[in-house]
Amino acid sequence: AEKHAGVSCVTASMDDIQFEEAARVGQIIAIRTKVNRAFKTSMEVGIKVTVQDVLTNAEKIVSVAYATYVAKPVGAAKVELKPVQLLSAEDHLEHSLAIERRRIRLGYVQVFQKLMQESNKEGDSYACEEKDAVSTEHTHVESTELVLPPHANHHGNTFGGQIMAWMQTVASISASRLCRSHPILKSVNMFKFWGPSFVGDRLVLNAIVNNTFHSSVEVGVRVEAYNCEEWIKDQPRHINSAFLVFTAVNDQGELLPFPRVKP
């Protein structure tokens, strides 16, 4: 992103990430990225992650993801980006798809906000009839992390990947309270950066199971940041939210069912 913009860039959001394959110790991971399309002040960066087995040389796709980056303003005005130079048929295809992904991304947020507003107006109360349903309060997990220099990029901002790793940890613990196995992350949905965090900040991560769907579970995670003064005054900054979907398998590799939950 910075190679294209010529200035410092920050991650604005990640599209939904699906994990097709698990990467294990001893395997080689290759990460390839390129700018697919530059809009006026933002750009889409495509990320392809593959894993190679050193014994068989077989290569498999772990994930294909799309990140939205914006250039950090030098002054008061936003930085306008130059168009991407298209060199191949694949470049042209990704350039065309990028505008559709952007349209879907913006529409996705609007639909979600509308559903939230309608739900708040109706004031529905939800009840689970199943007697063995587990209270979602049992799945609540809270963790506090201190952002240290190794957790930050060259601008002093916390790595988005580091935040995602912490989010996955608390979400995995939350999901594990409903299954008799280690949860396997299948996707990360609606991962958006609402604001930055910096070295020295305390990040408070809260995770809770939203719902179960027989053999999968959705965990919602919210991340709030505090500097020293905000910590004393209890004035958090909401910097991240995401929904993580997990499955679980037994020793035979069969999907395990999750119990129903009671909100």
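This report walks through some strand pairings, one buried glutamate and several salt bridges. Keep in mind that the model is predicted.

**Strand E1 and its partners**

Let's start with E1, which covers residues 9-14. Strand E5 (residues 59-71) pairs with E1 in the antiparallel sense, and five bridges join the two. One spot to look at is Ser 13, which sits opposite Thr 68 of E5. E1 also pairs with strand E8 (residues 184-193), again in the antiparallel sense, this time over two bridges. Here Met 14 has Phe 191 of E8 as its bridge partner.

**Glu 224 in E10**

Next up is Glu 224, found in strand E10 (residues 217-226). With a relative accessible area of 16%, Glu 224 falls under the 20% cut-off, so this residue counts as buried. Its side chain makes a polar contact with the side chain of Arg 222, at 3.0 Å. Leaving aside residues up to four places away in sequence, Glu 224 touches Arg 202, Leu 203, Val 204, Pro 236, Arg 237 and His 238.

**Salt bridges**

Arg 237 turns up again below. The structure holds eleven salt bridges, and here are some of them, with the distance between the closest N and O atoms:

| Acidic residue | Basic residue | Closest N and O atoms |
|---|---|---|
| Glu 44 | Arg 101 | 2.7 Å |
| Asp 201 | Arg 237 | 2.8 Å |
| Glu 230 | Arg 237 | 2.6 Å |

Take the salt bridge between Glu 44 and Arg 101. This pair links distant parts of the chain, with Glu 44 in strand E4 (residues 42-52) and Arg 101 in helix H2 (residues 89-122), 57 residues apart. Both Glu 44 and Arg 101 are buried. They also belong to a network of salt bridges that links them with Asp 15, Glu 94 and Arg 105.

Now for the salt bridge between Asp 201 and Arg 237. Asp 201 is in the loop between E8 and strand E9 (202-212), while Arg 237 is in strand E11 (residues 237-247), so this pair ties together parts that lie 36 residues apart in sequence.

How buried or exposed are the residues around Arg 237? Asp 201 is buried, at a relative accessible area of 4%. Glu 230, which forms a salt bridge with Arg 237, is buried too, at 15% relative accessibility. Arg 237 itself has 23% relative accessibility and therefore counts as partly exposed.

Key. Residues numbered from 1 in each chain as written. Predicted model: local features only at pLDDT ≥ 70, side-chain atom pairs only at ≥ 80, totals over all residues. Heavy atoms only, no water. Pairing = 2+ DSSP bridges. Helix = DSSP H or I, 4+ residues; strand = E, 2+ residues; numbered from the N terminus. Buried < 20%, exposed > 50% of the residue type's maximum accessible area, 1.4 Å probe, protein only. Polar contact = N/O pair within 3.5 Å; in protein donor to acceptor, adjacent residues only side chain to side chain. Contact = heavy atoms within 4.5 Å. Salt bridge = Lys/Arg side-chain N within 4 Å of Asp/Glu carboxyl O.
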